[in-house]
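Colleague: I am new to this structure. Please take me through one part of it in detail.

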Amino acid sequence: MLKQRTFRRGGIHPPDKKRLTEGQPISLCPDPEVITVPFSQHLGTPASAAVSKGDVVNAGDIIAEASGFISAHIHTPLGGEVKEIRNIFIPAGFSVPAAVIAVDPGSSFQESVLTEGEAEKLSPEELLDIVKKCGIAGLGGAAFPAHVKFKVPKGKHADVLIINGVECEPYLNADNRLMIEHAGELLEGISYIQRMTGAKSVIIGIEANKPDAMKAVEGAAAAQGYTYAVQPLKVMYPQGDEKQLIEAVTGKEVPSGGLPIDVGTVVTNVGTAFAVFEAVRRKKPLFERIVTVSGEAVSRPMNIRAKVGTPFRMLIEQAGGFSEEPCKVVAGGPMMGFAVYDLDTPVMKGTSGILALTRKQVQEGVETPCISCGRCVRSCPMGLQPTRLYHLIDRGLYQEAKDAWLLDCKECGCCSYSCPAKIHLVQGMRLGKRMLRNLSS
Amino acid sequence: MNYIGILITYIFISNFILTQFLGLCPFIGVSKNTESAVGMGFAVTFVMSIASVVTWLIYNFVLVPFDLMYLQTIAFILVIASLVQLVEMIIQKISPPLYKALGIFLPLITTNCAVLGIALLNITNQHTILEIFTGGIAAGLGFLLAIVLMSNIRERMDGKPVPKPFKGVPAAFISGGLMALAFMAFDRALLTNLLG
Amino acid sequence: MMSNVLYAFLSISLLGGLLGFGLAAASKKLSVKKDKRVEEVELALPGINCGACGFAGCSAYAEAIALHGAEVTLCPPGGSETAQKVASIMGIEADFSSVSYVAMVHCWGNDETRTSDFRYEGIEDCNAAYLYFQGSDTCKYGCLALGSCIRVCPVDAITKDENGRIQVDRNICIGCEKCVAVCPNKVMRMIPHDADYYVACSSIDKGGAVRKYCTVGCIGCRICEKKFSEAGFWIENNLSYTKYEGTYAQRKEAMEACPPKCIRKIP
Amino acid sequence: MSEETRFIVESSPQIRHSDTTAGIMWHVSLALVPAGIWGVYVFGVRSLLVILLSIAASAAAEYAAARLMNRKTLSDGSAVLTGLLIGYNMPPLVPLFIPVVASVFAVAVVKWAFGGLGANWMNPALAGRAFVFFSWTSGMNAWKVPSSWAAADSVSSATPLGAVKTGLMDVAGEGGSSLGYLGDIGYSFSAMGEAVSSWFNSAGIAVSPYHADLFFGNIPGSIGEVSAFLLLLGGIYLMHRRIVTWEIPVSYILSFALLIWVFEGTLFSRGLFAGSVFFHVFGGGLILGALFMATDMVTSPITRRGMIIYGIGAGALTFLIRIYGSLPEGVSLAIIIMNIFVPMIDRYVQPKPYGVKKTRGGAS
Amino acid sequence: MNKEFTKGVFKDNPIFVLLLGLCPALGVSGQVVNALGMSAGVLFVMLGSNIFVSLLKNFIPPKARIPSYIVIIASFVTIVQMVMEAFAPELYGSLGVFVPLIVVNCVILGRAEAFASRNTLKNSVLDALGMSLGFALGLTLIALVREVLGAGTITLFPVGGFEGIIRIPLLHQAPARIFSLSAGALLVMGLLKAFFNWYSESRRNLS
């Protein structure tokens, strides 16, 4: 086994809480009666509506089309009638248009099969086209449109394809279970991605707290004859961020403002690789994903394969409902996920988890003055000074904050997590970025 | 060794601002942000080093021969005022960027007691022209150090909930007092023990 | 004795003369042209550095006027008086007939009228709260009352009362529009300085929805539009607007007729 | 929805570490307690009174100041910690008004004039100590003989550092060392020190009674500073809890020890590299200062490199003041001098951001 | 009372409001007697310079006004120096370098430039008197606080049987020596200024 590696600066060790669901096999969620499918489930321009009120759609139809360079198609997972198109709030905190579809029971998607031999013959361009048509966006959390990421720009070349099986967020086991249960499909998906990017080698990074996943992937690779390396990584948040993962695996730093391809790497999530497999071999667009439903306030924490548009409420009911009144419901992991207030919020492509947290877990506290303990600076994986940035933003000095590399902050939450004064540092960074955007517009 | 002694004396032991109260007005007035504090510090150092030499020359080669030592105050202030103006003009001509950085502080220096102070103190304390020059630079550097430290401290205070009556000048004075308190660690004994 | 005095007098005047002569010569030789008008314009400006002109403070604006021909009418705090003064310094004619505006909060909500969907915890700042579902209030168009406008106001014209309602004192407001720029929900908008009534609501939700979450919100009932259109009222997107026209009596009547009382007299 | 069933919405992260500001203050106070108990044990109940009086005075000042600012801050523990540190920095026989003045000055002027916890830029406890030290120098030199000394001829005695400093005037020029010099002037030692010494000696390791006394705290000195051993234990506890990080104490003590080792011997004409490191590291307030006061979060730099620079600066200054200055100690003054430089260090020493080739200088 | 006279005492107090002439305010405020001596010197110079500047205002070319004012002030300072050296050598010794430094005391130059050069002789005299009084009050206050706390004494002039020193019981035995040192001077100045701010703020709120 290779030596465990990790990134150099910053990072924290939140309690990982993986126990709750790591042994739970992926279960299925029944189809809801009404689904709400947001038109913006990816980073970049929202897709533009391709259906209107009263239209009848079939499962797998495109209901919103990618608009702009960085965008992705949106498909409906189930057939039925479009009841209305209205603005809803998505977990990220802003409102986007969404189609509300009354589901026609028994309208589920019919997979077709392409044999492995046929898939072998597809050219990289054809593969990219499939990825684009199937509306695949990164399933790690940021939901970056995959066809954009896999198309290596002219003049650049990918040396290493890094597959992100880190899943450093506490509680979440969606990727972990996927690797355990679908290692074979996953590896095939990786092979397509390798073909699209032209990467010379593939490294699969998995944190040391997932020995089963590591074993499963290594076993499947040996069985199917793939030469992909599995790189064990020390447990450290936020290793699942692509910049930290690149640093951990290759030792290289992506230049400020640059992309992984600038250091010859492409990073993608195991979930995305699985989605690519399904798109290529089963012609299935991305409209469902594995969601970890967990947290101390959930009766039976579990991993659920859920369709996009399913309300959170249904998944929580599937997991036995609340065992006690949660004080916070989170979409995604606890470090970078968003608190939601409405249990009708729909599952989206990037929803890796639904967590119901109790007061004890949240550890919220009264905000006290900064005592410049420097914990935020130590924990920042980007080498920034969160406290300084926060003070600049607090005083309205947004331009100065930008000069102090505010835009390099990716809101991983290490600073806020470790702040004993309970200062809302990440929110400060987001505020600063918002005000900078306002200034420039 | 003597020159090092003069340097240490004026920078640490009897810092113009922290122990002698010379140059307090700019110390309080121009220390709100670090850029201007650095500019002011260098401008003062520059003027001080030249002024102490020129005044010493005037004193020894004009006032003493004619036995007019009692005119030193008038003569010195005249020289300093003209010197400052001359320096301002020269900088403006030869280096506009430097003028932009230092220029606005130069008129303030005329009435900076630190400059006249070093000229007067030099007459009693130093003897050779090189000592005078060192004294001027050292006193200026002491001023520079104090004002830059002060400006850093005051920048740190921005955004802190300083009580309203203390905001600005009072907090600066108290900071100065605390700095002086700490600088009391540097005493004469330190200098003599260190340099023998 | 006499010679002493003579020496003193002579040496000082000689010194003074020499220095003066030297300086005079130097100033001739080293003179750099400087525009006197920058200083004059700067003196004419109010000097509160509010930045409403779009330049970095009054001195930057003065420089822009004097050296780069910037408009002289860009200073709202100074008003036409300042513009006139600056124009006369610059020797130009300018049009000063602009109406002066003040900021007003187009929302009459306070802690008693607001309903909220969740408990917001975080930075006490409207823009920071806006990042999360546009604030915790059920009304997504109202004043968030976290006081970002209060903090940016250069003249302390904006206050928050004990019930959490934000108000602008129009007698202090200088019309710099900083609060308008900072307000995320755009409830802070400019109105003419001499207006006496305004519509204190910004919600474009339908009447039924508004009724559920607010007791003082405009329900788009069209009474003002139907009865008092000559007073400048009209409805657009379920929200009433006014052009501040008509007679005082008409406006007063409109206020009294408004069912949720969101047409309000400005204090 | 009713008030109770509404969820909390806040920015990510949704979970937080359990440490709080108040928790940190109380843990630091807790870590200081053993050394204080030792101080009270060797110097008598009066020293307990001194400590309690300091705490009471600074808590009262904190309460009053916070009240004026319409804030409630007493429970954050910072005032109690300040009072505790002031008490620890007092000699056992200090006139009782001195710790009170020091505490009030520390909390009311050094801390609240700038806005309370987190806003002060100089360590309040040390500034308070310096204030009273320069005001009432003789009162601040009221040392007491520890009760553990076997042969106590009198009630008061100079501290080891003080004894050597004054004694040096006579012996400079002869060969010797600071530690050896204690024996030359017949400085007392405790039964405990003797016992430890003979135990080690029988094991073949040359240890003088003074070694044990300096380390365990059987010497005259400030109430809380004498027991280097218990302070180290407290420091290890804080490091374990990650409240204190290694950078400042290690760089401080190492740089100081290095300078002592290199230069201190010259005072006894023994040339370079012959200083009494043990004597100077454990003989005074260095351990208390390096572990508990230089590491005060508010007044120390926030970056690692900054902390190391700060620690080295404090070490060098302590060395300068102690060896060449007129005062036998120097720890507290060295730390507050470095406090002055902290804003400058924070401004110019900044971490290199990820993916940036060269940091832009200054704050810009 | 005339407002030219009274404004210097509180509203435009040179030390606490205008923050001018701080170097001597702190440098010579160790003892009350020094503060009084310094104030007398400043009064004389300010009066003289204001009178001269006011009289000569029409004859001094605007370009050369600052140097001319400085020369006028410097001359008066030199007179003060001579007088003090002759009649109060002890005081002169303890004031030291701060006597010639009256030249660069911004209060004097500031008043000459801002007031005397544009006003009548009478108003200039009143202004000088008021400003000097304000300066003297501020300076004496600082000196009083510093000496009482730092030495436990109040040093005045010896008159007749009175030796000129008032000793304050208790404080005199154990004075907080720091206040007689430079650090104490800055602290006292800061605290007094804060007190002054608070006082004028609350007075403004009352009115």
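How many salt bridges does the count give between domain 1 of chain D and domain 2 of chain D?

Modeller: The count there is 0 salt bridges. Keep in mind that this is a predicted model. Let us stay with chain D and build up the picture.

First, the two domains. The domain assignment splits out domain 1 (21-141) and domain 2 (245-345) of chain D. Their centres, taken over C-alpha atoms, are 22 Å apart. Domain 1 of chain D brings 20 residues to the contact, and domain 2 of chain D brings 14 residues.

Next, the area. The size of an interface is often given as the accessible area lost when the parts come together. Between domain 1 and domain 2 of chain D, about 1500 Å² is buried. Carbon and sulfur atoms give 79% of that area. Three residues stand out on the domain 1 side: D:Trp121, D:Asn123 and D:Leu126. Together they supply 34% of what domain 1 of chain D buries against domain 2 of chain D, more than any other three residues.

Now the polar side. With 0 salt bridges counted between these two domains, there are still polar contacts. The rule finds 3 residue pairs in polar contact across the interface of domain 1 and domain 2 of chain D, both residues at pLDDT 80 or more.

Which elements of domain 1 take part? On the side that touches domain 2 of chain D, at least two residues each come from α1 (21-43), α3 (78-88) and α5 of chain D. Of the elements there, α5(D) gives the most, with 7 residues. By type, this side of domain 1 of chain D has 15 nonpolar, 4 polar and 1 charged residues.

Salt bridges do occur elsewhere in chain D. One joins D:Arg304 and D:Glu247, with the closest N and O atoms 3.4 Å apart. D:Arg304 sits in helix α14 (residues 304-324) of chain D and D:Glu247 in helix α11 (residues 247-263) of chain D, so the pair ties together parts that are 57 residues apart in sequence. The two ends differ in exposure. D:Arg304 is partly exposed, at 43% relative accessible area. D:Glu247 is buried, because its relative accessibility is 0% and buried means under 20%.

Chain D also meets other chains. Take chain E. There, 8 residues of chain D are in contact with 8 residues of chain E. The two chains bury about 650 Å² between them, with 71% of it on carbon and sulfur atoms. The rule finds 0 salt bridges across the interface of chain D and chain E. For polar contacts, the rule finds 5 residue pairs across this interface, both residues at pLDDT 80 or more. On the chain D side, α4 (97-111) and α5 (124-135) are the elements that give two or more residues. That side of chain D divides into 6 nonpolar and 2 polar residues, with no charged ones. So α5 of chain D appears on both faces: the one that touches domain 2 of chain D and the one that touches chain E.

Finally, a link to chain A. A:Glu253 forms a salt bridge with D:Lys352, the closest N and O atoms being 3.6 Å apart. A:Glu253 lies in the loop between α8 (242-250) and β12 (265-269) of chain A, and D:Lys352 in the segment after α15 (331-348) of chain D, so this pair joins two chains. D:Lys352 counts as partly exposed, at 37% relative accessibility. Over all chains, the structure holds 43 salt bridges.

Terms used
Residues numbered from 1 in each chain as written. Chains lettered and ligands numbered in written order. Predicted model: local features only at pLDDT ≥ 70, side-chain atom pairs only at ≥ 80, totals over all residues. Heavy atoms only, no water. Contact = heavy atoms within 4.5 Å. Buried area = accessible area lost by both parts, 1.4 Å probe. Salt bridge = Lys/Arg side-chain N within 4 Å of Asp/Glu carboxyl O. Polar contact = N/O pair within 3.5 Å; in protein donor to acceptor, adjacent residues only side chain to side chain. Helix = DSSP H or I, 4+ residues; strand = E, 2+ residues; numbered from the N terminus. Nonpolar A, V, L, I, M, F, W, Y, C, P; charged D, E, K, R; others polar. Domains from an automatic or database assignment. Buried < 20%, exposed > 50% of the residue type's maximum accessible area, 1.4 Å probe, protein only.
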